[in-house]
Amino acid sequence: MKIKTKIRLGLVFLLFIIITLATTGSIYVNKLADISSAISKDNYESLEYTKNMIQSLDEGDDDLSVKKFEQNLQAQEHNITEEGEKAATNEIKEVFDLYKSGRRDEKIESSLRTKILHVQDLNMQAIFRKNTAATQTTKRVFAYITILGTLCFMLSFTFVINFPGMIANPIAELTAGIREISRRNYSSRLYFKTNDEFGEVANAFNEMASRLDEYENSNISQLMFEKKRIETIINNMKDAIVGLDEHNKILFANTVAKQLLGMNEKDLLGKYAPDVALRNDLLRNLLIKEDREKLLKIYADSKESYFTKEALEIFNEEHKIGEVLILRNITRFQELDVAKTNFIATISHELKTPISSIKMSLKLLSDERVGSMNTEQKKLVQDIKVDSQRLLNITAELLDLTQIETGNIQLNIQPIHAEQIVSQAFEAAHALAEEKNISIEKYITPNLPTIKADADKTTWVLLNFLTNAMRYSAENSKVIVSVKSVDYEVSFSVQDYGKGIEEKYKTKVFEKFFQVPGSQSGGSGMGLAISKEIIEKQGGKINLQSEPGKGSTFTFELPNS
């Protein structure tokens, strides 16, 4: 049965009870009304007629009284309702005829009165009897209505209690089932022993739960397989990997990470990382965000090993859901880099002697006392001199670079004035500026504070910026040098109006041996790398702003003394 049919039947049932009560009450009320009407119409009229007849006798025997008596007697003859009332009325008529014919003695009048009182008595008895019957009927009606009302009340009460449950209980069970499904309890089922809409909903719900259960079980199996595979991959990686959730709790740590941290899985997984870091220096170092680009030296594999730190933040849409900390083992590359540095240092040192000898020989060849040379020979000697000087500059830069990388560079840091550095750099760059007819404009803020720096090395950096700017500038152009105070630092910048540098090369120009493609500068690609190392060794910062076609601005900042 459909829910709509159930509701319709329930309303019909309530309507039936209301109609039953109304009909029963109406029937018995009409019955009581009929009894009451019968009493007033039949008996009370007879009493009225007999009373009028007695009054006529009391008034005397004149014609008016006799006529009044005769009228009431005739009315009584037409209102015979009780058993014996007709005979008694006829007796009154017979005696009245004697009374009217002239025999009006006391005996006849007394007999007439007796007959009238007999009729009254018959009607009084009838009234009493009908009243008793009405009372009994009233009691019976009250009992019937009470029984019927109680029965209807009980049926209505039962209906009111149970019928809403027929609708609400399945809805409550369905709600509970949906809530269980939302909690991923896919074993939840609904059992409605009905063929209505709720039964259809229950069947659809059970089918959905069954499919979700199958899907979940298949997904869990697949996810567990994928999780195991990922764990195997992570554990077999040579880099140390530690995973954190959004609350900085440790989710996983691979075998290499556990070895480097010196901790087992039980002491790591599920623990709050900052709490673990309180008793583990390496993890504490990993969690410090400011030093994540710093090279770490750790004793591992029975030797000093080198690692770089990397932190990968994981986002789901806009929300951070975790972080992966990676320690990359670069010991092999560090060893190769050290070997390379030592090799370059050795080669550079060894090259200085023959290059110096070549320069000395060239100087002797240029001396007229040794002998004169023709024009072509002079040109060849001049080209050799330029190339040997270039080789000497490169070897000097290589030696500087190796000193910086090995930490052997000696910096004489002391308070100096910024103007001193600018003057020395200008003096060295003057010849190249005149050669290309490039004007150098200076914008130096007055009363600059002194800075803490190595004067020679810092001058070399500014000179490197200047020579690069002039090298990449067209003839008859200009280069701008600006020096100003910024917070607690002094900023040196060199701006040119050359070709500029593309965005993708901005971070690479400070790398060793890198040259912007197509620049054809003839340099070694080490000047900016050395400049960066020198500035950072002195606690400063170096950066570049450039736009293709509009030129470049190289800047370095050093702290006040």
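Reader: Is the crossing of helix 2 and helix 3 left-handed or right-handed?

Author: The crossing of helix 2 and helix 3 is left-handed, a name used when the near helix is turned anticlockwise from the far one by less than a right angle, while clockwise gives right-handed. A word on the basis: this is a predicted model, in which local features need pLDDT of at least 70, side-chain atom pairs count only at pLDDT 80 or more, and totals for chains, interfaces and linings use all residues. Residues are numbered from 1 along each chain as its sequence is written, and side-chain values use heavy atoms, with hydrogens and water left out.

Reader: Good to know. Why is helix 2 called roughly antiparallel to helix 3?

Author: The axes of helix 2 (residues 63-77) and helix 3 (residues 85-100) cross at roughly 160 degrees and come within 10 Å. Helix 2 is therefore roughly antiparallel to helix 3, as that label applies over 145 degrees (under 35 is roughly parallel, 65 to 115 roughly perpendicular, the rest oblique). The axes are lines fitted to C-alpha atoms over the stretch in contact, with angles from 0 to 180 degrees between N-to-C directions. Helices here are DSSP runs of H or I with at least four residues, and strands are runs of E with at least two, numbered from the N terminus.

Reader: Which residues make the contact between helix 2 and helix 3?

Author: Helix 2 brings Val66, Phe69, Glu70, Leu73, Gln76 and Glu77, and helix 3 answers with Glu85, Thr89, Ile92, Lys93, Phe96 and Lys100; contact means heavy atoms within 4.5 Å. By class, five of these residues are nonpolar, two polar and five charged. Nonpolar covers Ala, Val, Leu, Ile, Met, Phe, Trp, Tyr, Cys and Pro, charged covers Asp, Glu, Lys and Arg, and the others, Gly among them, are polar.

Reader: What makes aspartate 63 count as exposed?

Author: Aspartate 63 sits in helix 2 and has 65% relative accessibility, so it counts as exposed. The cut-offs are over 50% for exposed, under 20% for buried and partly exposed in between (1.4 Å probe, protein chains only). The C-alpha atom of aspartate 63 is 9.5 Å from that of lysine 100, 37 residues apart along the chain.

Reader: And why is phenylalanine 13 called partly exposed?

Author: Phenylalanine 13, in helix 1 (residues 3-59), has a relative accessibility of 26%, so it counts as partly exposed. Leaving aside neighbours within four places in sequence, phenylalanine 13 is in contact with Leu155 and Phe159. Its C-alpha atom is 8.7 Å from that of serine 156, 143 residues apart along the chain.

Reader: Now the other helix pair: how do helix 11 and helix 12 cross, right-handed or left-handed?

Author: Helix 11 passes helix 12 in a right-handed crossing, with axes that come within 9 Å and cross at roughly 35 degrees. In the contact, residues of helix 11 including Ile421, Phe426 and Leu432 meet residues of helix 12, among them Leu462, Leu466 and Met470. The class count for this contact is 13 nonpolar, five polar and no charged residues.

Reader: Which residues touch the most other members in the largest nonpolar core?

Author: They are Ile451, Leu462, Phe465, Leu466, Phe492, Val494 and Phe556, in a core of 41 residues. The term means a set of buried Ala, Val, Leu, Ile, Met, Phe, Trp, Tyr and Cys residues joined through side-chain atoms within 4.5 Å. Elements giving two or more residues to this core include helix 11 (418-435), strand 8 (451-454) and helix 12 (455-471). Helix 12 gives the largest share, eight residues. A second, separate core has 22 residues, including Leu244 and Leu327.

Reader: What is notable about the phi of asparagine 447?

Author: Asparagine 447 has a positive phi of about 55 degrees although it is not a glycine. It lies in the loop between strand 7 (439-444) and strand 8 and, with a relative accessible area of 78%, asparagine 447 is exposed. Asparagine 476, in the loop between helix 12 and strand 9, has a positive phi of about 65 degrees and is not a glycine either. At 57% relative accessibility, asparagine 476 is exposed too.

Reader: And how many helices and strands does the protein have?

Author: There are 13 helices and 12 strands, and 35% of the 561 residues count as buried.
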